[in-house]
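Work through the exercises below with the structure open beside you, and try each task before you read its solution.

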Amino acid sequence: MKRILLIVSGGIAAYKALELVRLLSKAGYGVRCVLTPAGEKFVTPMALQALSGEKVYTDLFSLTDESEMGHIELSRSADLVVVAPASADILAKMAAGLAGDLASTLLLATDKRVLVAPAMNVRMWEHPATRANMARLESRGVLVVAPDSGPMACGEFGPGRLAEPPVILAAIEAALGVAGPLSGRHAIVTSGPTHEPIDPVRYIANRSSGKQGHAIAAALAALGARVTLVSGPVSIADPAGVQTLHVETAAQMLAAVEAALPADVAVCAAAVGDWRVATAAQKMKKAGGAPPALQLAENPDILAQLSAPGPLRPRLVVGFAAETEHLAEYAAAKRARKGCDWIVANNVGGTGIMGGEENEVLLLSDEGAQAWPKLSKREVAGLLAEKIGKIFA
Ligand code: C5P
């Protein structure tokens, strides 16, 4: 039986932790709960104990708890540590490495993966301090189930509501790699556009929304893969159960991808800027006369580098080809030129594909070309992940 250590911190969303414990128990997981002092104001140890069927821990300095099970043991006997809801306070403690109470001590002492489901007021969620804490936690590999947007208990509207318990359960299952064909496999996915700075205030970008790449990352995680998503600047949430690394430029994307290797599979869905600008150190000023000419230099080709033979080449490398004409012909040439195994080609000539919700693709592999009907980007991601799963089954 897989064991979850569930840390419930303070906030009105703590009541949803009861439902999460019920779902986890029903799915056959052993759940041991830790309640922070603030969490105890919203749910009782008794309620969590009744639903989990296990003792609930609240106190770092409890002699009885320590004699039964030391706090280090408590943090290590689980397969996954989950913090839901994760308040701004506990996220800040995690980011800073504080260990002044039972929950933060467990989080500092654990050698297991940690998944957090934040819930807080929208202003607290958007505060630069929380943004910085989240970035720091994600860079350390903490998995995040992003909060939902909507009306909040405090009367405000925006992101900050705890994700629904079934969504958190799915992220837990993905993090544990439950019984999927990609269990134990590592996948790297690139997604979104890149921003190539011209000067400190301007940049060159493209219309990529990251929807397709993010959906692929989520679909691979749902089949059990450990997924590292390297994302350019996008306005969509990080997928649940996936480690998301945020970058801006092609050079940063390549560095993040290289640092994430080795991997079994790589899917390059990002619309990487082909060129970067020899950037100006100061903002360019309108000086009258001729406008400045931009000096462009070619960016590294991440897909081609990943596809090159060598000990770190993933077993399967998948590239994308966004074309506006001669789709099959250009995509086949791109597959040969880049050296990747598969190419997912799509026509971005019409309006609404780049940035839109749907995609109509042609998949090129050794088996030839397969045309898929127009589907939602989530469906395309699901089909692609399934096909990838078959390679590793
Ligand atoms: O050459 P083109 O940009 O059309 O190739 C598209 C494919 O190559 C995509 O899979 C994209 O993610 C990848 N690519 C890359 N690095 C680049 C340019 C493209 O990984 N610098």
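**Exercise 1.** Sort the shell around the ligand by residue class, and then find which elements supply it.

*Solution.* Keep in mind throughout that this is a predicted model. Begin with the classes: the shell around the ligand holds 7 nonpolar, 1 polar and 4 charged residues. Next, put names to them, counting a residue when one of its heavy atoms lies within 4 Å of the ligand; the shell consists of Cys268, Ala270, Val272, Asp274, Pro300, Asp301, Ile302, Leu303, Gly319, Phe320, Lys334 and Lys338. Finally, turn to the elements, where at least two residues of the shell are supplied by each of α12 (302–307), β16 (316–323) and α13 (327–338).

**Exercise 2.** Find which atoms lie 2.7 Å from a nitrogen atom and from an oxygen atom of the ligand, and then state what percentage of the ligand's exposed area the protein buries.

*Solution.* Start with the backbone: a nitrogen atom of the ligand lies 2.7 Å from a polar backbone atom of proline 300, and an oxygen atom of the ligand lies 2.7 Å from a polar backbone atom of phenylalanine 320. Then look at a side chain, that of lysine 334, in which an N or O atom is 2.4 Å from an oxygen atom of the ligand. As a last step, consider the area: the ligand taken alone exposes 440 Å², of which the protein buries 86%.

**Exercise 3.** Which pocket does the ligand take up, and what lines the largest pocket?

*Solution.* The ligand takes up the space of the second largest pocket. The largest pocket contains about 1200 Å³ of space, and among its 42 lining residues those closest to its centre are Ala146, Ala237, Asp238, Pro239 and Ala240. Two or more lining residues come from each of α8 (128–139), β6 (148–151), α9 (165–176), α10 (211–222) and α14 (377–392), and α10 gives the largest share, with 7 residues. Sorted by class, this lining has 25 nonpolar, 8 polar and 9 charged residues.

**Exercise 4.** Locate the cis peptide bond that joins an alanine and a proline, the one that joins a leucine and a proline, and a histidine with a positive phi.

*Solution.* As background, most peptide bonds are trans, and most residues other than glycine have a negative phi. Alanine 84 and proline 85 are joined by a cis peptide bond with omega about -5 degrees, and proline 85 is placed in strand β3 (residues 80–86). Leucine 261 and proline 262 are also joined by a cis peptide bond, with omega about 5 degrees, and proline 262 is found in the loop between α11 (250–260) and β13 (265–268). Histidine 326 has a positive phi, near 45 degrees, and lies in the loop between β16 and α13.

Key. Residues numbered from 1 in each chain as written. Predicted model: local features only at pLDDT ≥ 70, side-chain atom pairs only at ≥ 80, totals over all residues. Heavy atoms only, no water. Polar contact = N/O pair within 3.5 Å; in protein donor to acceptor, adjacent residues only side chain to side chain. Areas by Shrake-Rupley, 256 points an atom, 1.4 Å probe, with all protein chains shown as cover. 1 Å grid on protein atoms, 1.4 Å probe; cavity = no way out; pocket = protein on both sides within 12 Å on 5 of 7 lines; lining within 4 Å. Sits in = over half its atoms within 2 Å of the grid points. Helix = DSSP H or I, 4+ residues; strand = E, 2+ residues; numbered from the N terminus. Nonpolar A, V, L, I, M, F, W, Y, C, P; charged D, E, K, R; others polar. Points joined across faces, edges and corners; volume = space filled by probe spheres on them.
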